[in-house]
Amino acid sequence: MNNNIYKTVYFFAPHGEETREVHDELSDIFSRHGIEEVAASDDADIIASIGGDGEFLQSVRKNNFRDDCVYLGIAVDDANYFYVDFHYRDIKTLEEAIDQDNLDVRNYPLLEVSINDNKPSYCLNEFTLRSSIVKTIKMDVYINDFLFEQFNGDGILVATPTGSTGYNKSLGGSVIDPLIHAMQVTELASVNNNTHRTLGTSFLLNKERPLTLLIDKNLDYYPIMSLDNEAISVRNTEKVEVSISDKLIKTLKLKDNTFWHKAQRNFL
Ligand code: NAP
């Protein structure tokens, strides 16, 4: 970490008193390296989440996916994580990495999701759309302006590469290297028979191929949508456009801790 670049840090610590000790110790460590804690996240060069991947996702979301700072995840329990590179117990590793300038900045692609032509929202893991009633949802699936398929089933998930190891993987989607800036479309229980037909496998789209979902207006679906770990409900959702954003999220990682090291630790 280059102290000439990073001067300020904001701690995203949603568990308050529970992690107060960790928070204070981290604040001292950063201060010893000329990086001062600030009370407003807008003033921070580094936004450090204390917790797991869920807290990391929230730290990015609550800061409106700011792309002019770097995010850093610090774990306090014993689980393996994808976004979180450092463990509080092993805080010396972070301190040594700061001293030896042994940190990399990695860029993660984001999804841009626009509902009914409204202002776009962003996702770091995935976007999902599903029926909220005990009925299937029908929608036309367009790639660019091309009607690719007509979906009938529980719903559709669109994942970023870093989100590919989350919900997407549980649905049988592939794990995608975050160096590949693509989005993965995965079905949630599609009906496939002589009347309804969809591809039936996940597929990847690149930046030049936005996805548009046109929901059947004749049926009252009240779809439920999720942006990472937040649920949203938009009345009369008719059209959803999903694409890879121009924005990238920057995170700090150890040089020898790639996405695939984490995949191995988590899954093998
Ligand atoms: P949660 O419901 O408390 O946790 C879901 C689990 O997914 C946690 O173990 C979480 O890890 C893990 N996770 C989150 N992002 C991941 C990623 N990119 N790769 C691998 N694992 C990941 O919710 P949360 O912690 O706020 O995380 C929200 C995410 O949960 C969603 O974005 C979605 O990807 C995932 N999810 C998965 C399923 C499923 O697999 N059936 C269903 C709903 C949501 P941590 O323990 O590190 O927080």
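These legends accompany close-up views of a predicted model with its ligand.

**View 1. The shell around the ligand.** The ligand has 15 residues around it. Tyr81, Glu126, Thr165, Ser170 and Asn229 come nearest. By type, the shell divides into 4 nonpolar, 8 polar and 3 charged residues. Domain 1 (8-104 + 253-267) and domain 2 (110-247) each supply at least three residues of the shell.

**View 2. Polar contacts of the ligand.** A side-chain N or O atom of Glu126 is 2.5 Å from an oxygen atom of the ligand. Glu126 is also among the residues that come nearest to the ligand. Backbone atoms take part too. A polar backbone atom of Asp53 is 3.0 Å from a ligand oxygen. For Gly54, a polar backbone atom is 3.1 Å from an oxygen atom of the ligand. The ligand on its own has 800 Å² of accessible area, and the protein covers 59% of this area. Two elements give two or more residues to the shell: helix 2 (53-62) and helix 4 (167-170).

**View 3. Asp53 and its surroundings.** Asp53 lies in helix 2. An unreviewed UniProt entry places the feature "active site" at this residue, Asp53. Beyond its neighbours within four places in sequence, Asp53 is in contact with Tyr81, Phe82, Tyr83 and Val84. With Phe82 there is a polar contact: the Asp53 side chain reaches the backbone nitrogen of Phe82 at 3.0 Å. Tyr81, another contact of Asp53, is one of the residues that come nearest to the ligand. The backbone of Asp53 has its own link to the ligand, with a polar atom 3.0 Å from a ligand oxygen.

How values were computed
Residues numbered from 1 in each chain as written. Predicted model: local features only at pLDDT ≥ 70, side-chain atom pairs only at ≥ 80, totals over all residues. Heavy atoms only, no water. Near = heavy atom within 4 Å. Polar contact = N/O pair within 3.5 Å; in protein donor to acceptor, adjacent residues only side chain to side chain. Areas by Shrake-Rupley, 256 points an atom, 1.4 Å probe, with all protein chains shown as cover. Helix = DSSP H or I, 4+ residues; strand = E, 2+ residues; numbered from the N terminus. Nonpolar A, V, L, I, M, F, W, Y, C, P; charged D, E, K, R; others polar. Domains from an automatic or database assignment. UniProt positions renumbered as here; feature names shortened; annotations may be inferred. Contact = heavy atoms within 4.5 Å.
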